[in-house]
Amino acid sequence: MQIAGLNNQTVRQHNRRAIMALTWRYKRLSKSQLAAHTGLSIPAISKILDELVGEGKLSHSSENLSSRGINSGHYQIPIDGALILCMDVTPTCIESQLIDAQMTPVGDFSHIKVNAPTPEALLAAIEALWRQQQKCWPGKQINLALGVHGQVDPVTGVSQTMPQAPWKKPIEIKYLLEEKLRVSVRVDNDCIMLTLAEKWQNDSNRQDFCIINVDYGIGSSFVINGQIYRGMLNGSGQIGHTIFDRDGIACDCGRYGCLETVASLSSLKKQARIWLKSQPTQSALDPETISIRRLIDAWHEGDKQTVQWVEQAANAIGLTLYNLLNILNINQIWFYGRSCEFGEKWLQTIYQQIGFTPFDHGDAIRTRQTQIGFGNLTRQQQITGIGYLFVEDALAQA
């Protein structure tokens with residue numbers, strides 16, 4: 001096995017990336033602030049900054065960030081770079097937010113319903129939104145960053161499977177949109193979108209954390225040692241397709257008893273419809289009009305049967321997470337998705353199944369014990385998360 005050492009060039013490249021990453025995160029930083037964050041000396045910082053400014057990767061402003069002492073201004077990502085239109089894409093809805101080169105929102109957050117019976121219709125809807133922004137910003141390059149539900153190959157930009165879609169074939173989203181629009185396109189799973197948002201916009205996160213998205217389906221994504229872990233085949237995070245009940249019902253993936261079949265919102269809705277049709281006089285809920293919104297409301301109203309279904313689902317999630325925690329020892333978990341609207345009682349049911357991991361003991365690690373909670377980022381922040389695909393690409397080349 002070959003073990004690579006760190007030569008001067010490798011160390012310098014690491015320091016360049018650290019400075020670029022800090023500037024994207026904090027937007028504007030002085031030399032002294034960069035030195036404090038990195039532990040590098042002011043002369044070392046100055047030399048790297050001069051290089052990055054010369055290459056056009058950073059810009060310098062004489063505006064002081066502090067009124068105390070001698071200040072040489074601040075550094076930031078050049079504002080004149082390409083815009084990025086960030087989208088969360090499903091066959092029924094597209095949410096979007098335009099951001100500038102500094103990853104700052106520009107204009108309003110958009111949520112529109114779409115009707116895409118075919119892949120071509122979905123691509124047309126994405127293109128229409130992009131062209132609306134192009135009219136507002138004539139002559140400005142607007143790249144695309146897409147968070148797509150279901151299984152995605154982030155290298156080729158192919159949507160391999162998409163829940164809720166009436167089609168089953170893969171879509172070459174990246175290739176088709178780049179050919180049509182002549183801009184750069186990045187595509188990844190919607191859980192990666194949430195994880196990027198947490199990684200770059202939540203300073204309280206540790207080096208290791210996990211995002212769980214419980215909505216129409218159940219997805220997850222892991223950050224390990226500060227990096228998103230995808231696996232060699234980009235299959236990491238398929239928590240919804242872990243087997244929970246070997247004798248359970250068929251899942252869309254082709255197996256039986258996956259967690260999604262017992263704990264996702266689509267499974268709860270299906271379970272409710274079946275039961276309500278067989279017990280028409282036992283509930284005020286209507287099987288023909290039952291919706292996810294109505295199930296959430298029924299839970300809060302204390303509907304006995306709904307409470308039972310939701311608690312069973314939460315227990316299944318908790319037991320699955322217990323196994324996950326013991327395997328990976330990731331002890332900071334944030335929940336997203338419409339299931340979060342079930343509230344604290346739902347979360348506590350999950351937490352009770354986890355109890356504590358075998359590693360949660362001793363005063364020495366009390367501050368690092370398992371934390372499970374709701375993600376606090378706004379929906380706008382969540383959508384802009386997918387734009388950080390461009391940031392991570394740029395850092396890889398810094």
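Begin by selecting strand β3, where 7 of the 7 residues are buried, so the strand is largely enclosed by the rest of the structure. The model on screen is a predicted one, and the stops below should be read with that in mind. Show the side chains of β3 next: Leu83, Leu85, Met87 and Val89 point one way, while Ile84, Cys86 and Asp88 point the other way, and all are buried. In a regular strand the side chains alternate between the two faces of the sheet.

**Outwards from β3**

Keep β3 (83–89) selected and add β6 (residues 142–148) on one side, where 7 bridges join the two strands in a parallel arrangement; to find the register, look at leucine 83, which stands opposite isoleucine 142 of β6. Then add β4 (residues 93–99), which runs antiparallel to β3 and is joined to it by 6 bridges, with methionine 87 standing opposite serine 96. The connection is easily followed along the chain, since β3 and β4 form a hairpin with 3 residues between them.

**The whole sheet**

Now widen the selection to the open sheet of 5 strands, whose order is β5-β4-β3-β6-β9 and whose pairing is mixed. Its edges are β5 (105–113) and β9 (185–189), each of which has a single partner strand, so one side of each is left without a neighbour in the sheet. On average, and with direction ignored, neighbouring strands of this sheet are turned by 15° against each other. At the β9 edge, 5 bridges join β6 to β9, and these two strands run parallel; valine 148 has asparagine 189 of β9 as its bridge partner.

**Glutamate 95**

Return to β4 and pick glutamate 95, which lies in that strand. Is this residue buried or exposed? Glutamate 95 has a relative accessible area of 8% and is buried, the cut-off for that term being under 20%. Its side chain is joined to that of histidine 111 by a polar contact of 3.3 Å. If residues up to four places away in sequence are not counted, glutamate 95 touches Cys86, Met87, Asp88, Phe109, Ser110, His111, Arg379 and Ile383.

**Helices across the sheet**

Select helix α5 (residues 173–181), which lies across β6 and β9 and runs at about 155° to β9. Helix α6 (residues 190–201) comes next, lying across β3, β6 and β9 and running at about 100° to β9. With α6 still displayed, add helix α13 (residues 388–396): the two axes come within 10 Å and cross at roughly 65°, which makes α6 roughly perpendicular to α13. The residues that make this contact are Leu196, Lys199, Trp200 and Gln201 from α6, together with Tyr388, Leu389, Val391, Glu392 and Leu395 from α13.

**Helix α3**

For the last stop, move to helix α3 (residues 42–54), whose 13 residues should span 18 Å at 1.5 Å a residue, which agrees with the 18 Å between its end C-alpha atoms. Which residues of α3 are buried? They are Ile45, Ser46, Ile48, Leu49 and Leu52, and what covers them includes α1 (8–26), α2 (31–38) and β2 (74–76). Continuing along the chain, stop at glycine 56, which follows α3 and has a positive phi, near 80°.

Note on methods
Residues are numbered from 1 along each chain as its sequence is written. This is a predicted model: local features need pLDDT of at least 70, side-chain atom pairs count only at pLDDT 80 or more; totals for chains, interfaces and linings use all residues. Side-chain values use heavy atoms; hydrogens and water are left out. Two strands pair if DSSP finds at least two bridges between them. Helices (H or I, at least four residues) and strands (E, at least two) are DSSP runs, numbered from the N terminus. Axes are lines fitted to C-alpha atoms, for helices over the stretch in contact, and angles run from 0 to 180 degrees between N-to-C directions. Contact means heavy atoms within 4.5 Å. The expected span of a helix is 1.5 Å times one less than its number of residues. Buried means under 20% relative accessible area, exposed over 50%, partly exposed in between (1.4 Å probe, protein chains only). A polar contact is a pair of N or O atoms within 3.5 Å; within protein, one must be able to donate a hydrogen and the other to accept it, and residues adjacent in sequence count only if both atoms are side-chain atoms. Angles under 35 degrees count as roughly parallel, over 145 as roughly antiparallel, 65 to 115 as roughly perpendicular and the rest as oblique.
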